[in-house]
Amino acid sequence: MMKTESVDKRKYPRHKIFLQAHLEMFDGSFPVNVVELSVEGLRINSASAIEPETHVAIRIDVGREIVFHGQVVWVTDRQTSDGQLYAIGINTDAV
């Protein structure tokens, strides 16, 4: 069997981080963790699911507040010992 290697086709590299943040949508807000960051997007972990194409704002306090605006691109979920966890990819359009 031939082994295939996956190739990352992203334009910009992702950087692993861990920051607590707050996600805001039209109908509510809740805490999330930002776990990856790139020039064009974020990956967050959340206890709540969000539908793809939802417009969101992510507020991060790093001594001053930074706000990322974007749209949910993908959502995956997995069961953890603490319950359901959702990994969410967000394409950011402005900081």
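Where is the place of A47 in the chain? A47 sits in the loop between β3 and β4; helices (H or I, at least four residues) and strands (E, at least two) are DSSP runs, numbered from the N terminus.

A quick word on what you're looking at. This is a predicted model, where local features need pLDDT of at least 70, side-chain atom pairs count only at pLDDT 80 or more, and totals for chains, interfaces and linings use all residues. Residues are numbered from 1 along each chain as its sequence is written, and side-chain values use heavy atoms, with hydrogens and water left out.

Back to A47. With a relative accessible area of 62%, A47 is exposed (exposed means over 50%, buried under 20%, partly exposed in between, using a 1.4 Å probe and protein chains only). Leaving aside neighbours within four places in sequence, A47 touches Q84 and Y86, where contact means heavy atoms within 4.5 Å. L85 is 38 residues away from A47 along the chain, yet their C-alpha atoms are separated by 5.0 Å.

Now for strand β4. Two strands pair if DSSP finds at least two bridges between them, and here are the pairings of β4:

| Partner of β4 (residues 55-61) | Bridges | Direction | Opposite I58 |
|---|---|---|---|
| β1 (residues 15-25) | four | antiparallel | L23 |
| β5 (residues 65-80) | seven | antiparallel | F68 |

β4 and β5 also make a hairpin with three residues between them, and G63 in that turn has a positive phi of about 95°.

How confident is the predictor? On pLDDT (its confidence in each residue, from 0 to 100), the chain averages 88, with 87% of its residues at 70 or more. Among the elements, β3 (residues 41-46) has the highest mean, 96, and β6 (residues 83-94) the lowest, 90.

Note on methods
pLDDT = per-residue confidence, 0-100.
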